[in-house]
Amino acid sequence: IDRLNESTKSGNPAPVALVDLLMPGMDGCELIEKINENFGVYKPKIIAMTSSNPAVGCEKCLDLGIDAYLRKPLSQSVLLNTLVMVLGPDRINPAKTVEQGDASSLDLFRPLKILLAEDNPINQKMAKLILEKKGHSVTTAENGKRAIEKFETEKFDIILMDVQMPELDGLDATRTIRQLEARTGCRIPIVAMTAHAVKGDREMCLNAGMDGYVSKPISRSELFETMRKVISKANV
């Protein structure tokens, strides 16, 4: 709090705060509450960090309005991707401008009804917040089996499908959905989400019947641009 006060008074408020959730004296959630109460328009973007498993405190912190959370130990690439996600690429690299139609490109579409298949409750809640802030309606499924059930009983504009889920993974769930669609001749856009961005992942997802691919942690601009591309192609 002292450091944030100093930077604000100097006319150079901190744009982001990396907050460990497990600290002595005042823990991370208490700190976030105080930041919310005291800094108004100068409130920094907040990235919560935890080394615990499960992620102790993250559910509460999401309700306090954090912008992202990370599991420790941090890798350079994950930290950089998360900073880009919460601040925008132009804040990380001022020489790089965001091309027109990137982060806000999905604003060109009507509000969408989205099926989000994600087993991690923290990731699920973060993605839901990102999408709902854009005015979209989000229905969640905690595994591939539930995603198929919801697909069969409700109408959606697009599915965001985590690749690794219990009971039935995203690849098998997508294959089943494509088989069901063969009876009707309709095809819903499906975007894969995976935390294991290794060579061959994209091809594996496309071969399973997915239309697009984003890696975790999810970048807002990458997610919306991928959604824009697959929805445009499907003429939703």
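Which residue stands opposite Met49 in strand 3? The answer is Leu70. This is a predicted model, and that pair of residues is a good place to enter it.

Met49 and Leu70 face each other across two paired strands. Strand 2 covers residues 45-50. Strand 2 and strand 3 pair in the parallel sense, over four bridges. Strands of a sheet pair through backbone hydrogen bonds, either parallel or antiparallel.

Now step back to the whole sheet. Three strands form an open sheet. Their order is 1-2-3, and the pairing is parallel. Which strands stand at the edges? They are strand 1, residues 16-20, and strand 3, residues 68-71. Each has a single partner strand, so one side of each is left without a neighbour in the sheet. Neighbouring strands here are also turned against each other, by 25 degrees on average with direction ignored.

A helix goes with this sheet. Helix 4 spans residues 76-87. Helix 4 lies across strand 1, strand 2 and strand 3. Against strand 3, helix 4 runs at about 175 degrees. Angles here go from 0 to 180 degrees between N-to-C directions, so helix 4 and strand 3 point in nearly opposite directions.

Next, look at the charged side chains around this sheet. Side chains of opposite charge can pair when their charged atoms come close. Lys72 and Asp20 meet in a salt bridge, at 3.3 Å from N to O. Where do these two residues lie? Lys72 is in the loop between strand 3 and helix 4, while Asp20 is in strand 1. The two are 52 residues apart in sequence, so the pair ties together separate parts of the chain. Are they buried or exposed? Lys72 counts as partly exposed, at 28% relative accessibility. Asp20 counts as buried, at 18%. The cut-off for buried is under 20%, which is why Asp20 falls on that side.

Move along the chain to a second sheet. This open sheet has five strands. What is their order? It is 5-4-6-7-8, again with parallel pairing. Strand 5, residues 137-141, and strand 8 stand at the edges. Each has a single partner strand, so one side of each lacks a neighbour in the sheet. Neighbouring strands of this sheet are turned by 20 degrees against each other on average, direction ignored.

Look inside the five-stranded sheet. Strand 4 covers residues 113-117, and strand 6 covers residues 158-162. These two strands pair in the parallel sense over four bridges. Leu116 has Leu160 in strand 6 as its bridge partner.

Helices lie across this sheet too. Helix 7, residues 144-153, lies across strand 4, strand 5 and strand 6. Helix 7 runs at about 135 degrees to strand 5. Helix 10, residues 220-234, lies across strand 4, strand 6, strand 7 and strand 8. Helix 10 runs at about 175 degrees to strand 8.

One residue shows how these parts meet. Gln124 lies in helix 6, residues 121-132. Gln124 is buried, with a relative accessible area of 17%. What does Gln124 touch, not counting residues up to four places away in sequence? The list is Leu116, Glu118, Thr140, Ala141 and Glu142. Leu116 is the residue whose bridge partner is Leu160. Glu142 has a charged partner: Glu142 and Arg146 meet in a salt bridge, at 3.8 Å from N to O. Glu142 is partly exposed at 38%, and Arg146 is partly exposed at 30%.

Another salt bridge joins Arg187 and Asp211, at 2.9 Å from N to O. This pair links distant parts of the chain, 24 residues apart. Arg187 lies in the loop between helix 8 (170-181) and strand 7 (190-194). Asp211 lies in the loop between helix 9 (201-207) and strand 8 (212-215). Arg187 counts as partly exposed at 49%, and Asp211 counts as partly exposed at 29%. The pair belongs to a network of salt bridges that links Arg178, Glu181, Arg187 and Asp211. How many salt bridges does the structure hold? There are 11.

Finally, turn to the cysteines. A disulfide is a covalent bond between the sulfur atoms of two cysteines. The structure holds zero disulfides. Cys186 is exposed, with a relative accessible area of 53%. Cys205 counts as buried, at 1%.

Technical notes:
Residues numbered from 1 in each chain as written. Predicted model: local features only at pLDDT ≥ 70, side-chain atom pairs only at ≥ 80, totals over all residues. Heavy atoms only, no water. Pairing = 2+ DSSP bridges. Contact = heavy atoms within 4.5 Å. Disulfide = S-S within 2.5 Å. Buried < 20%, exposed > 50% of the residue type's maximum accessible area, 1.4 Å probe, protein only. Salt bridge = Lys/Arg side-chain N within 4 Å of Asp/Glu carboxyl O.
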